[in-house]
Amino acid sequence: MARVSRHAALAAISVAALCAASSSAFAGAFGLREQSATAQGMSFAGAAAGGSASSLFWNPATMTQNPGITAEFHLTAIIPTAELEPTYLAIPTLARLGNSGDLAKDAILPATYASYQINDSLFLGLYVGAPFGMTTKPNPVWYGQAYARTTSVRSYEVEPTVAYKVNDFLSLGAGVRLNYFDVRYMSATGLTPFSPTAGLEGDSYGVGFSLGATFTPTSGTQIGIGYRSMVSHDLEGKFAGAIPIKAHIVLPESVSLGLRQRITDDLTLNATAEWTKWSRLRYPRVYNDMTGTLLGPAPFLPLGYDDGWFVSVGGEYKVTNQLTARAGVGYEWSPISAEVRSPRLPDTDRIWASIGAGYQITDRIAIDLAYTHLFPMDDELNIDPGNPNYKAPLRIDSKIDNAGIDIVSVALRIQLNDPKPVVRKY
């Protein structure tokens, strides 16, 4: 466990940010769904049922659909826009500090996959990427600066996987998730333009696992279900520059169900349903590491997360032997309700709309492109006595102006050998 230093003046606000650092820019809370340009072109419809080597992120059993040796490199640019505007301030003079500005920051997300066929039944694979992450940074001087200035959550993961083809109907898969989690946040220590910034930095290592299965009842139907386990992290550090603390945080598990149905030789329709147990983060505790007692004045962090849901439908059409067109739509229910939102979590429900294309350059090399626009729902952010983030007398009511999120992805897919095709008999 890496040791970290932390400094803060507003205890309740800054410690709470440790677990709450995220915004509405990516998947619900601070999850990152953008792991595949191929799947993104269909709003991730059918991702857990297969389609490319990148499907192993959702379901390691899908590797049995990729004969031989394959490698994929995916790169995604995420460009969000979100701003908070005050509708009520308990201290009216805070309005002079100005609005938040665009607090959701752009990000580049890479993901790499490899799959290797040992024999007719056994496959090995590897995922390297970032399953969680977020950065928000409002204007350094703004009316909510005592609740948030800069927030950063990063998570990197290496996941070796194995899959076994039991028969033409059933394949099974599993993986070991080696996860690194890093948090950095900053808040103002006062309510004036000259108030200094206090912050926290922490990191930790954790281990989880993934499981999956695919079912192929007919030559045109593929069904996949994947499970990514929770990952426990024990962040260590110091509070107020002197008090050693520990905070136990559990990153959520998720279940993904995918369906791919071939309609004609050229057209395939897909669907996805995904559940993430964000309620794992509801009541983390912070301890004084010297005394072993709960740290006051905010020993409990009742963030109030609900579980998150995501559904999507999409399809791909083979225009020519080289060109494939994709499209999809989805809807995501945010785990962050209006009752518990904070400036670090202006998360709302959102609609996904995606288009994409794949082009087979040679027999062994293909590229994928995808574009998605997310339509977040405009909503309110009210930090009042009913909100667990509220600290008297700083009541702040705001309008969340979500202009939207643009996501652009590109992928290079390479077949490294000349394998014999997987032949299924029915």
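Trainee: Which side chain meets that of E316 in a salt bridge?

Mentor: First, a word on the model, which is predicted: local features need pLDDT of at least 70, side-chain atom pairs count only at pLDDT 80 or more, and totals for chains, interfaces and linings use all residues. Residues are numbered from 1 along each chain as its sequence is written, and side-chain values use heavy atoms, with hydrogens and water left out. A salt bridge needs a side-chain nitrogen of Lys or Arg within 4 Å of a carboxyl oxygen of Asp or Glu. With N to O at 3.0 Å, the partner of E316 is R326.

Trainee: How many residues apart in sequence are the parts that E316 and R326 tie together?

Mentor: Strands are DSSP runs of E with at least two residues, and helices are runs of H or I with at least four, both numbered from the N terminus. E316 belongs to strand 13 (308-318) and R326 to strand 14 (323-333), so the separation of the tied parts, in residues, is 10.

Trainee: Is E316 buried or exposed?

Mentor: Buried means under 20% relative accessible area, exposed means over 50%, and partly exposed lies in between (1.4 Å probe, protein chains only). The partner R326 has 8% and is buried. E316 has a relative accessible area of 14%, so the label is buried.

Trainee: With which residue does E159 form a salt bridge?

Mentor: E159 has a relative accessible area of 0%. The closest N and O atoms of its pair are 3.3 Å apart, and the partner is R228.

Trainee: And how many residues apart are E159 and R228?

Mentor: The salt bridge between E159 and R228 links distant parts of the chain, strand 4 (150-165) and strand 7 (221-228). Their separation in residues is 69.

Trainee: Which residue forms a salt bridge with R341?

Mentor: R341 is buried, at 3% relative accessibility. Its partner is partly exposed, at 30%. Their closest N and O atoms are 3.2 Å apart, and the partner is D379.

Trainee: How many salt bridges are there by this rule?

Mentor: The pairs E159 with R228 and D379 with R341 are among them. The full count is 16.

Trainee: Which residues have the most contacts inside the largest nonpolar core?

Mentor: A nonpolar core joins buried Ala, Val, Leu, Ile, Met, Phe, Trp, Tyr and Cys residues through side-chain atoms within 4.5 Å. The largest one has 20 residues, and the most contacts belong to F44, W58, Y113, Y127, W352 and I407.

Trainee: Which strands each supply at least two residues of this core?

Mentor: The core in question is the largest, with 20 residues. The strands are strand 2 (107-117), strand 3 (122-136) and strand 18 (396-415).

Trainee: What is the approximate area of the nonpolar surface patch that includes F73?

Mentor: Such a patch takes residues with over 30% relative accessible area and no salt bridge, joining nonpolar side chains (Val, Leu, Ile, Met, Phe, Trp, Tyr) within 5 Å. F73 lies in strand 1 (69-89) and, at 40% relative accessible area, is partly exposed. Together with Y317, V319, L323, Y359, I361, I365, I367 and L412, F73 makes a patch of about 710 Å².

Trainee: What percentage of the residues count as buried?

Mentor: The protein has two helices and 18 strands. Of its 426 residues, the buried share is 54%.

Notes. Patches are made of residues with over 30% relative accessible area and no salt bridge: like charges are joined within 9 Å, nonpolar side chains (Val, Leu, Ile, Met, Phe, Trp, Tyr) within 5 Å. Accessible areas come from the Shrake-Rupley method with a 1.4 Å probe; for residues, only the protein chains shown count as cover.
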